[in-house]
Each structure stands twice: as C-alpha cells, then as structure tokens.
Amino acid sequence: MELFVVAILVSLIFGSFSYMLLQHADSVLKVSSFSKERPENPFIKRLIKFMGWWFLFLVAAVWILAIVSLVD
C-alpha cells in the first residue's frame with residue numbers, strides 16, 4: 001500500500017515535469033539560463049526532450065514496481 005502512495009507522489013511530481021519538458025520544450029528553454037547564451041541550440045532542445053522521456057520512464061517504472069509488489 002505504501003508503494004502506491006509513493007507511485008502517486010512520483011506521478012504527480014515527475015509526471016508534471018515530464019509533461020512540461022516534452023510538450024513545452026521551447027518555453028522551458030526560454031526561462032532557463034541557457035536562453036541567454038545559446039537561444040537556438042538544437043542540442044539543448046534535444047537534451048530537454050531526453051530528460052522529459054527519462055522522467056516519464058521513471059513514472060512508469062514506479063507504477064510497474066507498485067503493481068508487481070501486489071503479486072508478491
């Protein structure tokens with residue numbers, strides 16, 4: 001049961017970061033410190049998308065662990 005509470009909290013925190021990084025990468029880039037140095041660097045934009053996918057992977061992994069813990 002405790003793992004489901006953790007899964008919900010991880011989903012709320014990292015799920016919102018993932019959504020923000022994947023859907024609004026340009027806006028995230030504008031408010032970051034990188035915007036003053038390199039405003040149109042494609043590597044930074046790809047890095048932001050990559051971090052968004054990792055946060056989404058983290059959310060999925062926590063939910064998988066929570067569901068598997070029910071079986072044990």
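**View 1. Helix α4 from end to end.** In this predicted model, helix α4 is built from 30 residues. From the first C-alpha to the last, α4 reaches 44 Å, close to the 44 Å expected at 1.5 Å a residue. Follow the helix along and you can pick out its buried residues: I44, I48, G52, F55, V59, V62 and A66. Several of these names will come back in the views below.

**View 2. The largest nonpolar core.** Seven residues make up this core: L21, A25, V28, L29, I44, I48 and F55. Two elements, α2 and α4, each give two or more residues to this core. Apart from it lies another core, this one of five residues, and V10, V59, V62 and A66 are among them. The buried residues of α4 include I44, I48 and F55, which you have just met in the largest core, and also V59, V62 and A66, which belong to the other one.

**View 3. The surroundings of F55.** Here we zoom in on F55, one of the buried residues of α4. Setting aside its neighbours within four places in sequence, F55 is in contact with F14, F17, S18 and L21. Of these partners, L21 is also listed with F55 in the largest nonpolar core.

**View 4. A cluster of aromatic rings.** A search of the whole structure finds six aromatic pairs. One of them joins F14 and F17: their ring centres are 6.4 Å apart and their planes stand at 70°, so this pair is edge-to-face. Both residues lie in helix α1 (residues 2-23), three residues apart, which is about one turn of the helix. An α-helix has 3.6 residues a turn, so residues three or four places apart point the same way. F14 counts as partly exposed because its relative accessible area is 25%; F17, at 37%, is partly exposed too. The rings of F14 and F55 have their centres 5.3 Å apart and their planes at 40°, so this pair is tilted. It links distant parts of the chain, with F14 in helix α1 and F55 in helix α4, 41 residues apart. Together, ring pairs link F14, F17 and F55 into a cluster.

**View 5. The one salt bridge.** A search of the whole structure finds one salt bridge, and here it is: D26 with K45, where the closest N and O atoms are 2.9 Å apart. The pair links distant parts of the chain, since D26 sits in helix α2 (residues 25-31) and K45 in helix α4 (residues 42-71), 19 residues apart. Neither partner is buried: D26 has a relative accessibility of 43% and so counts as partly exposed, while K45, at 31%, is partly exposed as well.

**View 6. L58 and G15 across the chain.** L58 lies in helix α4 and, with a relative accessibility of 32%, counts as partly exposed. Although L58 and G15 are 43 residues apart along the chain, their C-alpha atoms are separated by 8.8 Å.

**View 7. S33 in a loop.** To finish, look for S33 in the loop between α2 and α3 (34-37). Is S33 buried or exposed? Its relative accessibility is 53%, so S33 counts as exposed. The C-alpha atoms of S33 and L3 are separated by 36 Å, and these two residues are 30 residues apart along the chain.

Key:
Residues are numbered from 1 along each chain as its sequence is written. This is a predicted model: local features need pLDDT of at least 70, side-chain atom pairs count only at pLDDT 80 or more; totals for chains, interfaces and linings use all residues. Side-chain values use heavy atoms; hydrogens and water are left out. A salt bridge is a side-chain nitrogen of Lys or Arg within 4 Å of a carboxyl oxygen of Asp or Glu. Helices (H or I, at least four residues) and strands (E, at least two) are DSSP runs, numbered from the N terminus. Buried means under 20% relative accessible area, exposed over 50%, partly exposed in between (1.4 Å probe, protein chains only). The expected span of a helix is 1.5 Å times one less than its number of residues. A nonpolar core is a set of buried Ala, Val, Leu, Ile, Met, Phe, Trp, Tyr and Cys residues joined through side-chain atoms within 4.5 Å. Contact means heavy atoms within 4.5 Å. Rings of Phe, Tyr and Trp (its six-membered ring) pair if their centres lie within 6.5 Å; planes under 30 degrees apart count as stacked, over 60 as edge-to-face and the rest as tilted.
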